[in-house]
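The following paragraphs lead from the overall layout of a single chain to a few of its residues. Please keep the sequence and the structure in view while reading.

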Amino acid sequence: MSEKRDKAAAEAFFRSARTVTGRVPERVTSDGHDAYPGAIKAALGEEVRHRTNLYLNNHLEQDHRGIKQRIQSMGGFKSVEAAQRFYRVHDEVRNFLRPRSYWNEVVSLAQRRILYTARTRILLASLAAA
């Protein structure tokens, strides 16, 4: 999350992603913004392939669906700082309540309910203590 969508912000994002994951990807899929090709080459190297096909990004966009629905009902944000605070907390809580540990893991509905209820109790207790 940055105020501007420019090459410097894109480079910072790609450097951060490389540092967090500890590896350089073979390819990067984006929406094709002009700042991305140069930032990818500068932060990740010349050998990383940049894909901009309209439909290749659908899986990533679906991951943002929950955030988009929440933001729309809130009426948006007044500042970048408010958005950053919201995204940080939303992502942490969402991952905490998620029943699956890895992609395509099968978790029964009964087990999901048990996990969600237990994790919600933990979350509410930690918020009450703070």
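Helices are here DSSP runs of H or I with at least four residues, strands are runs of E with at least two, and both are numbered from the N terminus. With that convention, the elements of the chain run α-β-α-β-α-α-α-α from the N terminus on. In total there are 6 helices and 2 strands. The model is a predicted one.

The overall dimensions come next. For a compact globule of 130 residues one would expect a radius of gyration near 14 Å, but the chain has 18 Å. Along the principal axes, the C-alpha atoms fill a box of roughly 45 × 40 × 25 Å. Of the 130 residues, 18% count as buried. Among the contacts with a separation of 6 or more, 45% are accounted for by residues 24 or more positions apart.

The surface and the charges may be considered together. About 10200 Å² of the chain is exposed, and carbon and sulfur atoms supply 53% of this area. The side chains include 23 positive and 14 negative ones, and the centres of these two sets lie 8 Å apart.

Helix α2 shows how burial is arranged within one element. This helix spans residues 35-44, and its buried residues are Ala35, Tyr36, Ala39, Ile40, Ala43 and Leu44. These residues lie on the same side of α2 because they cover an arc of only 120° around the axis. What do the buried residues of α2 pack against? Their partners are α1 (7-21), β1 (27-29) and β2 (49-51). After α2 comes Gly45, with a positive phi near 115°.

The partner helix α1 contains Glu11. Is Glu11 buried or exposed? Its relative accessible area is 18%, and burial means under 20%, so Glu11 counts as buried. When residues up to four places away in sequence are not counted, Glu11 touches Ala39, Ala42 and Ala43. Of these, Ala39 and Ala43 belong to the buried residues of α2 listed above.

A further residue to examine lies later in the chain. Phe86 is found in helix α5, which comprises residues 80-97. The relative accessibility of Phe86 is 17%, and the same cut-off of under 20% applies, so Phe86 is buried as well. Which residues are in contact with Phe86, leaving aside its neighbours within four places in sequence? They are Ile67, Arg70, Ile71, Met74 and Phe77. In the other direction along the sequence, Glu105 is 19 residues apart from Phe86, and the C-alpha atoms of the two are separated by 28 Å.

How values were computed:
Residues are numbered from 1 along each chain as its sequence is written. This is a predicted model: local features need pLDDT of at least 70, side-chain atom pairs count only at pLDDT 80 or more; totals for chains, interfaces and linings use all residues. Side-chain values use heavy atoms; hydrogens and water are left out. The radius of gyration is taken over C-alpha atoms; the globule rule is 2.2 Å times the number of residues to the power 0.38. Buried means under 20% relative accessible area, exposed over 50%, partly exposed in between (1.4 Å probe, protein chains only). Contact means heavy atoms within 4.5 Å. Accessible areas come from the Shrake-Rupley method with a 1.4 Å probe; for residues, only the protein chains shown count as cover. Lys and Arg count as positive and Asp and Glu as negative; His and the chain ends are not counted. The place of a charge is taken as NZ of Lys, CZ of Arg, CG of Asp or CD of Glu. The arc is that of the directions from the helix axis to the C-beta atoms.
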